[in-house]
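This report walks through one protein model, part by part, for a reader who is new to looking at structures. Please keep the sequence and the 3D view open while reading.

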Amino acid sequence: MNTPYGAELSDVTVRYGRGKGDAALDGASFTVRPGTITGLLGRNGAGKSTALALLASFRRPTSGTVRVDGADPFENAAVMAGVQLVRESGDVVGDSPVNDTIGYYSGVRPLWDADYAKALLDQFGIDPKKTPDALSRGKQSALGCIIGLASRAPLTVFDESYLGMDAPSRYAFYDALLEDYTQHPRTIIVSSHLIDEVERLFEDVIVLHHGRTVVSETADALRDRAVSLVGPTSAVSKLADGRHTLATRSLGGTTQLTLEGGLDPEDVARARDAGVEVGRVSVQDLFIHLTQESETLKEDAR
Ligand SMILES: Nc1ncnc2c1ncn2[C@@H]1O[C@H](COP(=O)(O)OP(=O)(O)OP(=O)(O)O)[C@@H](O)[C@H]1O
């Protein structure tokens, strides 16, 4: 139980209802490496929550295989004791004191740390005698995050869990998550639209688009997919000549351009000589390019 869980989706399709219309997941495959923090990204409706609900055994796929710690998690009590999914809805009993919810999770999560939960409740200013219904939206979100952290589950999943929290609370949560993850290694999946805020946490990144996996790799490998050039328009254009440009923005005589692939050392030297700054591209920018790119390709295919 102390060992971080791996997780895997292989060619998974999920259709809701009677199976008519688009699939929420459409042959998605990805691997979550044990002992990593993985970011699960995708635009609205891409299938993130559906994928996470499969890992938490809240539903079964229409077809394909789901594995958590090497086993089918569905109705598998031994595996599920080690999986904690935190959804924005909180999954708490709204009209019972917070203490009751805490007591419940301490009973079903073998690695639950009661002292840590208490310290986090103090830190986030949550009175455990109050009911979740009487808490502000931000404190309700914080309660979900506290449950996720204190469970120390070998697979802990935060599905947009902290959207209701204000910026200082979100940053306090990210810091707590990193610190506790370092002291108690486990597998953590974070799904979020606030990519700029959370990308520093990610070791691996999965991007879903229209129910399919478009990225499943390390965050560094993803960042290496492109390079940013900023400088005089003529010099930037010359460097970009014959290469695939993902995005470009010009203001006055200056252009910022995102170029697919890397630059070899000679090109980097040429860029510097021409006053062009060569930099890394953020996961957020790549995410935007990749999901727009796929959309463009989809449009082209019609
Ligand atoms: N219970 C449901 N019944 C019917 N369709 C559903 C259900 N849950 C999700 N869907 C549909 O499945 C698709 C994927 O939804 P999902 O919630 O997994 O995406 P998401 O990436 O988490 O989106 P968001 O970022 O907006 O939360 C969407 O088209 C959604 O409308």
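## The antiparallel sheet

The model shown here is a predicted one. In strand β10, which covers residues 226–232, 3 bridges make the connection to β13, and the two strands run antiparallel. Within this pairing, V230 is the residue that stands opposite E277 of β13.

Helix α9, made of residues 233–240, packs on the sheet, where it touches β10, β11 and β12 (254–260), and its direction makes about 150° with that of β10. The sheet itself is open and has 4 strands, which follow the order β11-β12-β10-β13 with antiparallel pairing. Its edges are formed by β11 (245–251) and β13 (277–279), each of which pairs on one side only. Going from one strand to the next, the twist averages 15°.

## Two domains and their contact

The domain assignment divides the protein chain into domain 1, spanning 7–219, and domain 2, spanning 222–301. When the centres are taken over C-alpha atoms, domain 1 and domain 2 are separated by 34 Å.

The two domains also touch, since 13 residues of domain 1 are in contact with 9 residues of domain 2. On the side of domain 1 that touches domain 2, at least two residues are supplied by each of α7 (195–198), β8 (204–209) and β9 (212–218). Sorted by class, this side of domain 1 has 8 nonpolar, 1 polar and 4 charged residues.

## A pair of helices

Helix α5 (residues 137–151) and helix α6 (residues 167–183) pack with their axes 11 Å apart and at an angle of about 0°. Because angles under 35 degrees count as roughly parallel, α5 is described as roughly parallel to α6.

On the α5 side, the contact is made by G138, A142, C145 and L149, while α6 contributes S169, F173, A176, L177 and D180. Taken by class, the residues of this contact between α5 and α6 divide into 6 nonpolar, 2 polar and 1 charged.

## Around the ligand

Which residues lie around the ligand? They are Y16, G17, A24, G42, N44, G45, A46, G47, K48, S49 and T50. By class, the shell around the ligand is made up of 3 nonpolar, 7 polar and 1 charged residues.

Terms used
Residues are numbered from 1 along each chain as its sequence is written. This is a predicted model: local features need pLDDT of at least 70, side-chain atom pairs count only at pLDDT 80 or more; totals for chains, interfaces and linings use all residues. A residue is near a molecule or strand if its C-beta atom, placed from the backbone, lies within 6 Å of it. Ala, Val, Leu, Ile, Met, Phe, Trp, Tyr, Cys and Pro count as nonpolar, Asp, Glu, Lys and Arg as charged, and the others, Gly among them, as polar. Two strands pair if DSSP finds at least two bridges between them. Axes are lines fitted to C-alpha atoms, for helices over the stretch in contact, and angles run from 0 to 180 degrees between N-to-C directions. Two residues are in contact if their C-beta atoms, placed from the backbone, lie within 7 Å. Domain bounds come from an automatic or database domain assignment. Angles under 35 degrees count as roughly parallel, over 145 as roughly antiparallel, 65 to 115 as roughly perpendicular and the rest as oblique.
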